[in-house]
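Please explain how this structure is put together, beginning with its interior and ending with one of its sheets.

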Amino acid sequence: MAFEYPDDLKYLDSHEYARLDGEIATIGITAFAVDQLGDIVFLELPEVGDAVEKGEKFGTVESVKAVEDLNSPVTGTVVECNTPLIDAPEQLADDPYGEGWLIKVRVDDPGELDDALSASEYQEQVEGG
Amino acid sequence: MTQSDAALLARTPLYDLCLELNARMTEFSGWEMPVQYRGISREHQAVRTAAGMFDISHMGKFRLTGKNVLEQIQRLVPSDLSRLQSGQAQYTVLLNPQAGIVDDLIFYYQGEDGEGNQRWVVIVNAATTQKDQVWMKSHLDLNQMEFQDCSRANTLIAVQGPEAARYLQSFVKEDLSTVKPFGHLEATVLQQPGFLARTGYTGEDGFEVMTAPETGRELWRSLLQAGVVPCGLGARDTLRLEAAMALYGQDIDDSTTPLEAGLGWLVHLDTKGDFIGRSILEKQKQDGVQRRLVGLQMQGRNIARHGYPVYADGKPVGEVTSGTQSPTLGIAIALAYVPTPLSKPDQALEVEIRGKLYPAVVVKRPFYRRAK
């Protein structure tokens, strides 16, 4: 099955993405992750002002069957949470790269994302060579 | 699942038909089984509102034949199987001497053949097929009966939902409206011999149909074409949990008794003689049980899952055995063992989820009951 992996994003092999705009990174999960999870029924996100750390858990996503950690691609401070999504987590699946974003983080070091996966690297990883 | 794992797993005769439908496969007790096709919620909904079908060919299937089968199997279960007329069935449990549950299963009585041999069909969980066979054989006199394991020789398809009878009727000669719940018969399925029962694991009306693999494959294709929605083990789990039906190995096991598990309705101490585990159940009935399997409803969005600790007044008192977001009710539901004094409806408890306590309330089982 073919999924979309926008070129302007950086990816983790644990299926989170980050879109960097200046010093603000918008973080979400990929279309591939959404498909693998199935019906999403629960989201747990940090609060504005919380610190997140690169490679560390910042929240939880649950489908009917699975519980998965959300890992941060960056280190920094949460400046915004997509709180409406917490009350309607099933809507994440409709637009994971747009309306389905999870948190925005003011990053300590924008260069931190340089070693994250590019769209093509991530695609190769999840879909196989 | 890696390819090397998959190579070790058993497959049912419907495996390739499931793959054709883009089933996502998972390992389930040594079998490679469909966990979902187009989505658990969608499949769940199909069973609640119309009809869905499940490949459950991985389940264990035994045939017991002999002059005194009843007398012998009565010793293995707490239910009075002598109540069964030909064409009736009983959901029950095999018990160990501590009254722990060896497995939960259904005994189907088919009456006597021309030579006075009683004929019984037994359907058991997939994961426990071997264990049950060893257990039963070690407690039955095999000189006096034939014990046939026909697990691999047959497919088993569950057709479940309010429209199940209507869909299935097109492919079965006998009139399904005459089959009562837990009734069963040897039926003609697509002009071939089969066995069908009005049983299931979803909390809806429905049937389970056992046939030779070729007939099973044809039935699967026919039902699919007629519009029955293929469903995987994911929906099977959410459906059975809404109906508060126990899952062996999770909600019940060798260390839980039927009285603790809320299965007291299948313990018939008054009407039958001795059986394995009887003295323990008598004592539990007299003294009361220490713990009970209860229904929990979470008070917020957090979902209690298998193994999460249950608290009362800040102290751990029990454990969640099954939990999910209920697709029908839109709330998080769970089954949990708690001490008997805390087991009454409306009892406030808490569940520990990722290090924090969240409120839950004991509710009556089942969570969902179909409209009659």
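The following paragraphs treat a helix, the nonpolar cores and a sheet in turn.

This is a predicted model, in which local features need pLDDT of at least 70, side-chain atom pairs count only at pLDDT 80 or more, and totals for chains, interfaces and linings use all residues. Residues are numbered from 1 along each chain as its sequence is written, chains are lettered from A and ligands numbered from 1 in the order in which they are written, and side-chain values use heavy atoms, with hydrogens and water left out.

Helix H8 of chain B (residues 233-242) is largely enclosed by the rest of the structure, because nine of its 10 residues are buried. Buried means under 20% relative accessible area with a 1.4 Å probe, protein chains only; helices are DSSP runs of H or I with at least four residues, strands runs of E with at least two, numbered from the N terminus. Among the buried residues are B:Leu233, B:Arg236 and B:Glu242. They pack against elements of chain B including helix H3 (40-49) and strand E16 (315-325).

The largest nonpolar core (buried Ala, Val, Leu, Ile, Met, Phe, Trp, Tyr and Cys residues joined through side-chain atoms within 4.5 Å) has 67 residues. E17(B) gives the most to this core, with seven residues. A second, separate core of 29 residues includes B:Tyr167 and B:Phe207.

In chain A, three strands form an open antiparallel sheet in the order E4-E6-E7. Strands pair if DSSP finds at least two bridges between them; E4(A) and E6(A) have four. A:Ile40 has A:Ser63 of E6(A) as its bridge partner.

Conventions. Buried means under 20% relative accessible area, exposed over 50%, partly exposed in between (1.4 Å probe, protein chains only). Contact means heavy atoms within 4.5 Å.
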